[in-house]
Amino acid sequence: MSSTKIIKVDPINPEQRFLEEAANILINGGLVIIPTETVYGIAANMLHKKALERLYEIKKRPKDKSFSIHIDEKGKIEEFARAIPIAAYKLIDKFWPGPLTVVLKSKDIGSVGLRIPDNEIALGVINLAKVPLVCPSANISGKLAPTNFPDAIKDLDGLVDFAIDAGNTRLGIESSVVDLTVEPLQILRQGALKKEEIEAVVKKKVVLFVCTGNSCRSVMAKALLEKKLKEKNRDDVEVLSAGIMMLGGLSATEPTIEILKREDIDVSGHSSEKVTKEMLKKADIILVMEHLHEQRVLELAPETKNRLFLLKEFAKINDGQLNIDDPISKPIEFYEKTFAIIKEAIEKVGNLI
């Protein structure tokens with residue numbers, strides 16, 4: 001039996017050379033004990049057959065019980081899973097990085113568990129290894145998952161190649177596991193996240209308004225819908241706005257601020273955002289101002305087609321076209337006309353959601 005190399009690191013500022021050493025060992029098929037925010041785990045290269053065989057043997061785990069994959073970016077979920085439901089995007093947007101494992105339909109066959117740990121050491125190793133890593137808890141199957149290094153190494157000293165001691169884990173409880181391959185979803189393990197927290201996020205509707213620069217039309221729509229929902233004492237809807245332009249961090253235009261002030265709405269602190277795939281994929285309904293925006297949304301996320309609408313479809317005004325034209329650089333009267341169309345549409349939207 002070979003000895004395990006043990007390194008003690010600062011959990012806040014771990015030395016890069018130790019993370020690199022761990023990553024190289026994993027790339028070459030070794031096993032490494034690493035901390036996460038939940039419990040300590042045994043990391044292994046998912047693409048290395050012998051490493052996986054060794055991990056199953058050490059864990060005394062049945063071969064038909066697969067390991068979850070640890071990743072370092074939300075977008076990588078699509079490398080391993082297919083037919084990802086809106087609920088999954090809502091959950092990962094809220095809880096990743098963090099103590100949530102989502103079970104999704106695998107791109108191959110069956111299902112796959114995925115998680116992004118909220119731990120600098122774990123994320124550093126995953127990022128440097130650049131291979132998919134499995135990371136089950138560092139214990140023999142059936143025993144308690146270790147929340148400190150002495151418990152993690154106790155039964156595994158000499159069985160793994162490298163071990164990182166970073167003291168006690170921050171949360172000290174395993175991740176919650178949610179199965180999203182079925183509907184309604186099933187909570188397979190209630191860990192650090194409670195059932196009520198998970199269900200609240202999934203049940204909350206997400207409405208996204210999209211315009212060009214996210215400085216006038218979508219700002220108006222978001223502000224009006226939020227006001228209407230507040231009047232109805234609704235707290236089960238999240239309202240977002242974004243633009244298709246590259247720029248972010250812009251304030252709302254002065255006419256937009258002035259017109260909304262008349263409605264007792266203050267958007268002086270608004271900062272524009274660029275629309276992202278993640279926003280689109282977690283939205284239950286996407287409302288755009290022009291056909292151009294509709295086209296851009298479908299380029300980014302084609303699967304949103306059935307929940308994508310032009311906002312003017314909900315207004316009574318019928319002038320032969322469905323675009324709500326951009327008021328940027330136009331006189332205040334044009335802004336007021338634009339606002340009137342948006343306000344009318346929001347009245348209907350607010351009654352429908």
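Two strands pair if DSSP finds at least two bridges between them. Keep that in mind as you explore this structure, which is a predicted model.

## Strand 7 and its partners

Let's start with strand 7 (111-115). On one side of the story is strand 6 (100-106), which pairs with strand 7 in the antiparallel sense over four bridges. Within this pairing, lysine 105 has serine 111 of strand 7 as its bridge partner. The two strands form a hairpin, with four residues between them. Look in the turn for glycine 110, which has a positive phi of about 75°.

Strand 7 also pairs with strand 4 (residues 69-70), this time in the parallel sense and over two bridges. Here histidine 70 has arginine 115 of strand 7 as its bridge partner.

Why is strand 7 largely enclosed by the rest of the structure? Four of its five residues are buried, so the surroundings largely enclose the strand.

## The largest pocket

Strand 7 turns up again in the largest pocket, where it gives the most to the lining, with four residues. This pocket holds about 750 Å³ of space. It is lined by 33 residues, and those closest to its centre are Arg61, Ser68, Glu174, Val177 and Arg189. Strand 3 (40-45), strand 6, strand 7 and strand 11 (186-189) each supply at least two residues of the lining.

## The largest cavity

How many cavities of 30 Å³ or more does the structure hold? There is one, and the space in the largest cavity is about 40 Å³. Its lining is made of Lys74, Tyr89, Ile92, Asp93, Glu278 and Lys282. Helix 4 (86-95) and helix 10 (277-282) are the elements that give two or more residues to this lining. Helix 4 provides the largest share, with three residues.

Here are the two linings, sorted by residue class:

| Lining | Nonpolar | Polar | Charged |
|---|---|---|---|
| Largest pocket | twelve residues | 14 residues | seven residues |
| Largest cavity | two residues | no residues | four residues |

## Two cysteines without a bond

A disulfide is a covalent bond between the sulfur atoms of two cysteines. How many disulfides does a search of the whole structure find? The search finds zero. Take cysteine 211 as an example: the closest cysteine sulfur belongs to cysteine 216 and is 5.5 Å away, which is too far for a bond. The cut-off for a disulfide is a pair of cysteine sulfur atoms within 2.5 Å. Starting from cysteine 216, the closest cysteine sulfur is in cysteine 211, again 5.5 Å away and too far for a bond.

Are these two cysteines buried or exposed? Cysteine 211 is buried, with a relative accessible area of 1%. Cysteine 216 also counts as buried, at 2% relative accessibility.

## Helix 9, helix 12 and asparagine 351

Next, find helix 9 (residues 254-261), whose buried residues are Thr256, Ile257, Ile259 and Leu260. What covers these buried residues includes helix 8 (217-231) and helix 12 (332-352).

Helix 12 is also where asparagine 351 lies. Leaving aside residues up to four places away in sequence, asparagine 351 touches Lys228 and Lys232. In sequence, asparagine 351 and lysine 232 are 119 residues apart, while in space they are 9.9 Å apart, C-alpha to C-alpha.

Conventions:
Residues are numbered from 1 along each chain as its sequence is written. This is a predicted model: local features need pLDDT of at least 70, side-chain atom pairs count only at pLDDT 80 or more; totals for chains, interfaces and linings use all residues. Side-chain values use heavy atoms; hydrogens and water are left out. Buried means under 20% relative accessible area, exposed over 50%, partly exposed in between (1.4 Å probe, protein chains only). Contact means heavy atoms within 4.5 Å. On a 1 Å grid over the protein atoms alone, a cavity is a set of points where a 1.4 Å probe fits but cannot get out, and a pocket is an open set with protein on both sides within 12 Å along at least five of seven lines; lining residues have an atom within 4 Å of a point. Grid points are joined across faces, edges and corners, and a volume is the space filled by probe spheres set on the points. Ala, Val, Leu, Ile, Met, Phe, Trp, Tyr, Cys and Pro count as nonpolar, Asp, Glu, Lys and Arg as charged, and the others, Gly among them, as polar.
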